[in-house]
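Here is a set of short questions and answers on one protein model. Keep the structure open and check each residue as you go.

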Amino acid sequence: MIEVVLVDYGNPAHSAALVDLLDAYAQDPAGGGTPLEAEVRAGLPAALAARPQAFSVLAYDATQPVGLINCIEGFSTFACKPLVNVHDVVVLPSHRGRRVAQRMFERVEQEARARGACKLTLEVLSGNASALRSYEREGFSGYQLDPAFGHAVFLQKKL
């Protein structure tokens, strides 16, 4: 039985689970293949707690943390409402294919609606076919305004 909870960043067990699951994702090829830096591991829960626009959900199989989604609230100027960006989605390899992400997305959507959000957004690597299928099952699709301009492309500039 999978239980999904909203993370209490001040709860040491939740904080440890969040950091451990995110580190597992960071070490996965889909997450870049590099462990989190020690200062990230040490500071992330407090940094998230300091941001009221951040929230996370954890999935537990009995007492074992097996999944994590980190979210950051943004703002849609076209809708004049908040939006929620799904920033990290983690499911341990032992629990993939068991709809853990689906259960976590249900809780994320519940929280997003409570915050008055107009939509959920996320980015995914184009080669991560299993994640793409999972997200499409949850109702996500490519962002497009006018087909003549194509689909949105996610870019970054490191500072």
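**Salt bridges, pockets and surface**

Arginine 96 has a relative accessible area of 46%, so it counts as partly exposed. The model is a predicted one.

Q: With which residue does aspartate 28 form a salt bridge?
A: Side chains of opposite charge can pair when their charged atoms come close. For aspartate 28, the closest N and O atoms of the pair are 3.8 Å apart. The cut-off for a salt bridge is 4 Å. The partner is arginine 96.

Q: How many residues apart in sequence are the parts that aspartate 28 and arginine 96 tie together?
A: Aspartate 28 lies in the loop between H1 and H2. Arginine 96 lies in the loop between E4 and H3. The pair therefore ties together parts whose separation in sequence is 68 residues.

Q: Which helix holds the arginine 41 that pairs with aspartate 20?
A: The side chains of aspartate 20 and arginine 41 meet in a salt bridge, at 2.9 Å from N to O. The two residues are 21 apart and link distant parts of the chain. Aspartate 20 sits in helix H1, and arginine 41 sits in helix H2.

Q: Is aspartate 20 buried, partly exposed or exposed?
A: Buried means under 20% relative accessible area, and exposed means over 50%. Aspartate 20 has 44%. Its partner arginine 41 has 31% and counts as partly exposed. Aspartate 20 is likewise partly exposed.

Q: Where does arginine 115, the partner of glutamate 73, lie?
A: Glutamate 73 forms a salt bridge with arginine 115, with the closest N and O atoms 3.1 Å apart. The pair links distant parts of the chain, 42 residues apart. Glutamate 73 is in strand E3, while arginine 115 is in the loop between H3 and E5.

Q: Which residues do salt bridges with shared partners join into one network?
A: Start from the pair of glutamate 73 and arginine 115. Glutamate 73 is partly exposed at 27% relative accessibility, and arginine 115 is partly exposed at 23%. Shared partners make one network of Glu73, Arg107, Glu111 and Arg115.

Q: How many salt bridges does the count come to?
A: The rule asks for a side-chain nitrogen of Lys or Arg within 4 Å of a carboxyl oxygen of Asp or Glu. Aspartate 20 with arginine 41 is one such pair. The count comes to eight.

Q: Which residues lie nearest the centre of the largest pocket?
A: The largest pocket has a volume of about 1,400 Å³. Its lining has 46 residues. Helices H1, H2, H3 and H4 and strands E3 and E4 each give two or more of them. Nearest the centre are Tyr25, Ala30, Gly31, Asp88 and Val89.

Q: How many residues in the lining of the largest pocket are charged?
A: The lining has 24 nonpolar residues and 12 polar ones. The charged group numbers 10.

Q: Which element supplies the largest share of the lining of the second largest pocket?
A: The second largest pocket has a volume of about 1,000 Å³. Of its 34 lining residues, Leu120, Thr121, Leu122, Phe140 and Ser141 are closest to the centre. E3, E4, H3, E5 and H4 each supply at least two. The largest share is five residues, and it comes from H3.

Q: Which residues make the nonpolar surface patch of about 410 Å²?
A: Phenylalanine 78 belongs to the patch. This residue lies in the loop between strands E3 and E4, and it counts as exposed because its relative accessibility is 72%. The full set is Phe78, Tyr143 and Leu145.

Q: What is the phi of cysteine 80?
A: Most residues other than glycine have a negative phi. Cysteine 80 is not a glycine, yet its phi is positive. The residue sits in the loop between E3 and E4 and is exposed at 59% relative accessibility. Its phi is about 55°.

Q: What separates the C-alpha atoms of serine 134 and arginine 99?
A: Serine 134 is in helix H4 and is buried at 13% relative accessibility. Arginine 99 is in the loop between E4 and H3, with a positive phi near 65°. They are 35 residues apart along the chain, but their C-alpha atoms are separated by 8.5 Å.

Key:
Residues are numbered from 1 along each chain as its sequence is written. This is a predicted model: local features need pLDDT of at least 70, side-chain atom pairs count only at pLDDT 80 or more; totals for chains, interfaces and linings use all residues. Side-chain values use heavy atoms; hydrogens and water are left out. Patches are made of residues with over 30% relative accessible area and no salt bridge: like charges are joined within 9 Å, nonpolar side chains (Val, Leu, Ile, Met, Phe, Trp, Tyr) within 5 Å. Accessible areas come from the Shrake-Rupley method with a 1.4 Å probe; for residues, only the protein chains shown count as cover. Helices (H or I, at least four residues) and strands (E, at least two) are DSSP runs, numbered from the N terminus. Buried means under 20% relative accessible area, exposed over 50%, partly exposed in between (1.4 Å probe, protein chains only). On a 1 Å grid over the protein atoms alone, a cavity is a set of points where a 1.4 Å probe fits but cannot get out, and a pocket is an open set with protein on both sides within 12 Å along at least five of seven lines; lining residues have an atom within 4 Å of a point. Grid points are joined across faces, edges and corners, and a volume is the space filled by probe spheres set on the points. Ala, Val, Leu, Ile, Met, Phe, Trp, Tyr, Cys and Pro count as nonpolar, Asp, Glu, Lys and Arg as charged, and the others, Gly among them, as polar.
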